[in-house]
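Me: I should like to learn how to read a protein model, feature by feature. May we proceed from the strands to the helices?

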Amino acid sequence: MKVTVELFALARRLSKAKSVVLELAPGATLRDVLVKLGDRFPALLGELIVPGSYDLREPYVFNIDARRVAKNLDEEVREGENLLLMYVTVGG
Amino acid sequence: MKGYMGKILHIDLTDQTTRVHRPGEDFLKKYVGGVSLATRLVYDNTPKGVDALSPENELCLATSVFAATPVPVGTKHAAAAKSPLTGFITDCLASSYFSATIRRAGYDAIVVKGKAEKPTYLFIDDDVVEFRDAANLWGKETFETEEAIRAELGDQMVRSCTIGPAGENLVRFANLTNDRGRQAGRGGLGAVMGSKQLKAIALRGSHSVEVADLDGLCAMALELAEKAQGLKTEKYRNLGTVANVLTLNRLGILPTRNFQEGVFEAAEQVSGEYLQEHHKEKAVACLGCPIACEQIVKVKEGPYKGARTSVDYESLFAVGTCCGIDNAAGIIKAIDTCDRLGMDTMSAGVVVAWAMECFERGLITKKKCDGLELRFGNDQAEVELLEKIARREGIGDLLAEGVKRAAEKLGKGSELFAIHVKGLEFPGYDPRGAQTFAVGSAVGTRGGCHNRSLAYEADTHGEVDRFSADPEKGRIACDKENLAGIFDIVMLCKFIRGCLSDAWSDVSQLYTLTTGMEMTADDLHQVTERSWNLKKAFNIREGWTKEDDWLPARFLEDPIPAGASKGSVVKPDDLRIMIDAYYEARGWTPDGLIPKEKLVALGLEDIAEEVGV
């Protein structure tokens, strides 16, 4: 199945891409998405993606279809979803 | 007394007198500093029902207890008074060298009342206060004024808080500027200073702040500073808050063309990413800040060549997307213009957006607009209009009143799309797609405000379903206000909160190390709650009613037309339920009033009879 990852801020700067379409096996999770992203854009490893564990560094989150923030990285993704790798700054 | 200077300077411009009040430790521990201390001073020194632009309205500057200490991001001050825009209290935050110099001059706070006979500026040099002629400064822009004062006094170390032409002309959203671009922005404190014929407050000081446990404080401060240079603050350092343009656009809550839409088709070309690539000069920091979030941008060519300013999200949305401007250079020029003239970019942008919608709907003519083609997207017209507002020329005189008064004067249904709460122009998050912020922004004591509320954090960080309305959101809005409150009282920049393991316990520890006065996390909760209730008490005294806690009609009647938040609206019944829950969480009556016993429990028994029920 295919999902689209949209990249913002540092994710965009490091990857030099606004979005990327990834091919994933059925049942793949958001962590699997990060593994794929790390393969595709090694510059993300360390800065955004923790090597080895493939956790996502704060403050970045996955927002699913711009409607809701994923609770954790074990969430399964679905065909055609848009996964926004993003954050919102608050305060000042 | 450790951690405090132990002096509050009162200045009367009418008779050119000063007096020093020495508050006790109990008072200082009770109100701590910043917004809380400023609010208490405003409450005590401002007569009930006073005209905000009269000599009797007192302007209070109160420092952070951490100002001029080793604590990072703590060198800040609050400025507060009755707002000429809302008629309620406004409390603003600014930072850097001016904040530190208040303390170095020997004061925790400065209170100014009265009205000078002629344009005047104050020069506070430790214990000496001079009332100096400002005739040669009157009419100058903010940055020019700061430099001119330094030149006149022959000392580059003098730090000033100034007003520009907007403050002189009593524009109701004129601001205070210090350190070439730090602003106490919201609610019109610049007009308060202008009404007193006070052009600037200049400071020089020779004192230092004595802290109780210097080794302990330095160790904790160093640890915090190191964390603040790490990944947790990278988002502020790299792009700054303008990173929000693209993400909020994608979420469908980026205010566009006066909040008619939540998606701006040209967001990419006015985004933080675009500014970084095409206009960024450098990032700079306030005094004592290891984060450096301030993004300095410059226009290198074209009609706005030379325009240079710092840009943050709120300014960008207001003069940019809210006005349909797709030209980044035009946005930089508009922000630069506001900064130099001394106007709040947020209010200025939202009032211009309202005027543009009026123009496009045929409610105001080109002739009425002094020949300006005031359509959305016309950056040249916007820049010209900002100049007119600051100088109250032509249609600028109407807009200088703020969007609430301007709409009331124009009528013709324009009140329905005047986007404000309590008269304060709305910030850059469409509450239709952020329902926690719907309640948070409706109940704010200073009006439509993101920074005092922080409720949109719950919506955008996935703590709640941002589209649904339920009473829990009222309770969350209260919690978020309290969290914001503690940062505004001790005056740590909110950008550092991700570096704290627990805000309440870490801040209480910093306070104890600084002052030697034991402060627990529970004590801090009490201080914060007291501060919020005192602000509300001031507003009640000035005539607040439940109807003031509400949102503009557009958010209640017009669903967002497109994008990820398409179809979202704030239903009035839902808003009422969430507001009721907020009042309950605050321990207030269903009418939003404060029970006397609540005030007594907070140590505010002296005002319980006056405002309690």
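Reply: Let us begin with the sheet. Two strands pair if DSSP finds at least two bridges between them. Helices (H or I, at least four residues) and strands (E, at least two) are DSSP runs, numbered from the N terminus. In chain A, an open sheet of five strands follows the order β2-β1-β5-β3-β4, with mixed pairing. Its edge strands are β2 (19–23) and β4 of chain A, each of which pairs on one side only.

Me: Before we continue, what kind of model is this, and how are residues and chains labelled?

Reply: This is a predicted model, in which local features need pLDDT of at least 70, side-chain atom pairs count only at pLDDT 80 or more, and totals for chains, interfaces and linings use all residues. Residues are numbered from 1 along each chain as its sequence is written, while chains are lettered from A and ligands numbered from 1 in the order in which they are written. As for confidence, pLDDT is the predictor's confidence in each residue, from 0 to 100. Chain B averages a pLDDT of 97, and 100% of its residues score at least 70. For the complex, the predictor gives an ipTM of 0.97 and a pTM of 0.97.

Me: In which sense do β3(A) and β5(A) pair?

Reply: Strands of a sheet pair through backbone hydrogen bonds, either parallel or antiparallel. Here strand β3 (residues 61–64) of chain A and β5(A) pair in the antiparallel sense over four bridges, and A:Asn63 stands opposite A:Leu84 in β5(A). The pairing of β3(A) with β4(A) is antiparallel over two bridges. There A:Asn63 stands opposite A:Val69, and A:Ile64 stands opposite A:Arg68. The hairpin of β3(A) and β4(A) has three residues between the strands, and A:Asp65 in it takes a positive phi near 55°.

Me: How many residues does each chain give to the contact between chains A and B?

Reply: Two residues are in contact if their C-beta atoms, placed from the backbone, lie within 7 Å. The contact takes 21 residues from chain A and 31 residues from chain B. On the side of chain A, the elements giving two or more residues are α1 (9–15), β4 (68–69) and β5 (82–86). The largest share, three residues, comes from α1(A). For classes, Ala, Val, Leu, Ile, Met, Phe, Trp, Tyr, Cys and Pro count as nonpolar, Asp, Glu, Lys and Arg as charged, and the others, Gly among them, as polar. That side of chain A has 12 nonpolar, three polar and six charged residues.

Me: At what angle do the axes of α19(B) and α20(B) cross?

Reply: Axes are lines fitted to C-alpha atoms, for helices over the stretch in contact, and angles run from 0 to 180 degrees between N-to-C directions. The axes of helix α19 (residues 471–490) and helix α20 (residues 503–515) of chain B come within 11 Å and cross at roughly 15°. Angles under 35 degrees count as roughly parallel, over 145 as roughly antiparallel, 65 to 115 as roughly perpendicular and the rest as oblique. Therefore α19(B) and α20(B) are roughly parallel to each other. From α19(B), B:Leu483, B:Ile486 and B:Val490 meet B:Ala503, B:Trp504, B:Val507 and B:Tyr511 in α20(B). This contact has seven nonpolar, no polar and no charged residues.
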